[in-house]
Amino acid sequence: MTDVSVQPMKDSVAPPGGGATTPDLEVQGLSKHFGPVVAVDSIDFSVASGEFVSILGPSGCGKTTTLRMVAGLEEVTAGRIFIRGSDVTHLPPEKRNTAMVFQSYALFPHMNVHDNVAFGLKMRGVSKAEIDDRVATAMRRVRLEGYEKRKPSQLSGGQRQRVAVARAIVVEPAILLLDEALTNLDRRLRQQLQLELKELQVDLGITSLFVTHDQEEALTMSDRIIVMDEGLIAQDAEPSEVYDRPASAFVAGFIGESNRLDGSVAAGSGETCTVRTESGLDLMGIHSGDVGQQCAVMIRPRAITLHADRPTKDNVIEGVVKLWAYKGESYEYVINLPDGGDLLVDLPRREAVFERGDRVFAAFDARDVIVVERA
Amino acid sequence: MGDGTASETRGGASRGSWARLDRVWLALPAVVLTALFFIVPIMFMGRISLSVHESGSAYREGTWTLDSYTTLLTDGFYLRIFGYTLGVSLLVTVLGLALAYPLAYWINRCGPRLKVILLFAVIVPLWTNILVLIYGWLIILSPGGALNDGLMSLGLIDEPLRVVYNTFGVVIGIVQITLPYSILIMAAVLAGIDRSLVESARDMGASRLKAFLHVTLPLSAPGIASAATVIFVWAMGEYASPQLLGSSAGKFVSQEISSQFLTAFNWPRGAGLAVTLFSLIVVVLVVAQSVARVMARRNVA
């Protein structure tokens with residue numbers, strides 16, 4: 001999946017035009033204010049040629065506004081946008097060579113599928129013969145041959161989504177923009193289309209910027225994830241790094257499930273440190289923070305094992321099984337800790353043989369303890 | 001309103017005939033009202049138009065003749081009245097749409113608060129009696145009125161402009177009366193067009209104008225058609241505007257109907273005029289609809 005992985009360029013502030021390494025999209029100090037509300041607060045990022053980058057964040061974090069500014073559908077308050085090295089900050093949307101897949105798909109209801117897909121080419125003054133040729137290719141790519149004469153209203157949600165993708169890729173845009181493009185589909189179809197879309201993107205080598213609030217989707221599809229929170233970039237890194245080494249408590253909480261315990265660094269030596277939680281537990285984690293620093297400890301439910309007898313592990317917490325739930329692939333346990341807090345544990349099937357009220361030892365390695373600074 | 005009640009009771013198959021019965025009962029009030037207030041009077045009118053006229057009374061009951069229709073369809077006097085009514089109505093329809101569409105488009109693009117204020121301003125004339133509106137225009141437009149006084153005192157004109165008591169005045173009157181309706185209809189249709197469709201068109205490379213021509217305009221066609229129908233039908237039946245703002249040389253059908261019933265006391269001819277006017281409206285609407293359908297099909301192909 002990561003055969004097109006590219007080094008993150010989060011710190012590049014040099015103006016574009018540096019020859020072969022010019023990214024397809026470069027955003028510098030981009031801001032958007034709606035009256036007194038700061039939707040996007042001076043963010044920088046870039047997308048290299050052929051890269052698939054997701055902007056991930058909760059609703060209202062500014063991700064869609066960012067995408068719309070790149071498309072030219074939203075005025076920029078401050079900052080600059082470069083597409084393939086040229087400044088497009090103040091160009092109207094039709095002059096930007098971007099193509100967007102809208103959350104609602106935004107297919108033209110009065111045109112059939114063929115005319116929908118042909119629209120961008122028609123606007124670009126492409127000859128009729130070439131339009132027919134390229135539309136046919138795009139329809140094949142999204143596996144919708146034979147649907148050309150249908151109206152959008154005669155298609156299923158998944159088919160409409162494919163038409164929207166075909167309409168976008170047929171113009172061979174500099175950047176494909178996807179705004180929650182899979183959100184309106186049911187789960188099974190969404191997972192299937194995630195893979196199809198990713199395959200298509202790799203095949204065509206099309207530079208893509210994908211906005212989503214679905215962390216699983218972002219992890220599955222992206223070469224790089226930009227996590228946004230309250231108009232700022234919280235982290236800009238490869239999916240595995242965002243998951244394993246979240247830059248903040250927000251990122252750790254947003255990407256995947258985790259148990260969060262607040263505390264401060266009690267001792268540190270080299271790679272490892274000891275964190276004393278507010279409830280008085282001492283946990284070993286990997287971090288090189290200063291002693292006394294306020295921090296949050298994040299532990300993934302999958303990283304924790306449960307034992308009837310005290311095991312020898314870096315971290316062991318004693319607790320009582322409060323409840324458990326069968327989740328198909330695994331069992332989910334809620335362990336009641338002595339301080340009254342709960343610990344979520346996710347155990348593989350059949351490894352779990354504990355009942356409500358059982359006294360257990362929850363154990364996890366120091367390398368699974370993510371220590372992040374707390375604001 | 002009748003079709004709303006009828007379509008909402010789409011029962012499941014298990015309820016079968018009961019559901020169908022429900023639907024009939026629910027539609028009944030609408031059917032009865034329509035019959036009582038629209039169909040029955042038209043049938044009365046039709047019957048009277050086929051009676052023999054008798055001087056001294058309205059018509060002779062129980063008689064049958066086509067006299068009033070042969071007169072109406074051969075006498076140049078009546079044909080001119082029909083021609084004038086039709087011509088002015090078509091002109092008013094075109095002008096009304098040309099004014100209402102840009103206004104509705106602009107109102108729809110305003111922010112939510114301004115939009116409410118503007119739509120309110122559009123509705124206010126509907127609260128006023130039509131005669132009051134027309135006398136208002138007379139105060140402004142008549143030879144000694146505000147417009148001419150103003151222009152003459154500015155030295156822009158030497159003689160009063162002839163803007164009332166002619167076709168121009170009639171057109172102004174009907175356009176003004178129908179404008180709120182057509183604006184409301186088209187604003188509603190424009191508001192129903194998903195903004196992301198226009199954005200998508202722009203993103204796909206369409207300029208503002210092309211996005212309007214390829215997306216907004218075709219999608220607002222139903223609103224244009226509805227508004228055109230309302231304006232046209234209203235204009236064809238208009239009485240007050242030609243009576244007060246027009247001249248005696250340009251008569252509308254409804255004025256002639258009134259004089260046949262009330263002055264000449266020739267009920268069969270008056271009724272014949274009414275039925276012919278009604279038929280003419282239906283014919284024009286049917287023709288317009290089929291033309292629109294053919295054009296739409298050609299557009300799609």
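## A tour from a helix pair to the chain contact

Begin by selecting helices α9(B) and α10(B), where Leu197(B), Val198(B), Ala201(B) and Arg202(B) of α9(B) meet Ala211(B), His214(B), Val215(B) and Thr216(B) of α10(B). Colouring the residues of this contact by class divides them into five nonpolar, two polar and one charged. Keep in mind throughout that the model is a predicted one.

With the two helices still selected, turn to their geometry: α9(B) and α10(B) pack at an angle of about 140 degrees, and their axes lie 10 Å apart. Angles over 145 degrees would count as roughly antiparallel and those from 65 to 115 as roughly perpendicular, so α9(B) and α10(B) are oblique to each other. If you look along the line from one helix to the other, the crossing that α9(B) makes with α10(B) is right-handed.

Next, bring chain A into view and select the residues through which the chains touch, which number 15 in chain B and 17 in chain A. On the side of chain B, the elements that give two or more residues are again α9, residues 195–203, and α10, residues 208–236. Which of the elements gives the most to this side of chain B? That element is α9(B), with six residues. By class, the side of chain B that touches chain A comprises six nonpolar, four polar and five charged residues.

Now move within chain B to helix α13, which covers residues 267–300, and select Leu277(B) in that helix. Is Leu277(B) buried or exposed? Leu277(B) counts as buried because 22 C-beta neighbours lie inside 10 Å, where the cut-off for a buried residue is 20 or more. Once the neighbours within four places in sequence are left aside, the contacts of Leu277(B) are with Met236(B) and Val253(B). Met236(B) is worth displaying together with helix α10 of chain B, since that helix runs over residues 208–236. For the other partner, draw a distance from C-alpha to C-alpha: Leu277(B) and Val253(B) are 7.3 Å apart in space, although 24 residues separate them in sequence.

Finally, select chain A as a whole, in which there are eight helices and 20 strands. Along its principal axes, the C-alpha trace of chain A spans about 75 × 45 × 40 Å. Of the 375 residues of this chain, 42% count as buried. Among the contacts in chain A with a separation of 6 or more, 65% are between residues 24 or more positions apart.

How values were computed. Residues are numbered from 1 along each chain as its sequence is written. Chains are lettered from A and ligands numbered from 1 in the order in which they are written. This is a predicted model: local features need pLDDT of at least 70, side-chain atom pairs count only at pLDDT 80 or more; totals for chains, interfaces and linings use all residues. Two residues are in contact if their C-beta atoms, placed from the backbone, lie within 7 Å. Helices (H or I, at least four residues) and strands (E, at least two) are DSSP runs, numbered from the N terminus. Ala, Val, Leu, Ile, Met, Phe, Trp, Tyr, Cys and Pro count as nonpolar, Asp, Glu, Lys and Arg as charged, and the others, Gly among them, as polar. A residue is buried if 20 or more other C-beta atoms lie within 10 Å of its own, exposed if 12 or fewer, and partly exposed in between; C-beta atoms are placed from the backbone. Axes are lines fitted to C-alpha atoms, for helices over the stretch in contact, and angles run from 0 to 180 degrees between N-to-C directions. Angles under 35 degrees count as roughly parallel, over 145 as roughly antiparallel, 65 to 115 as roughly perpendicular and the rest as oblique. A crossing is left-handed if the near helix is turned anticlockwise from the far one by less than a right angle, and right-handed if clockwise.
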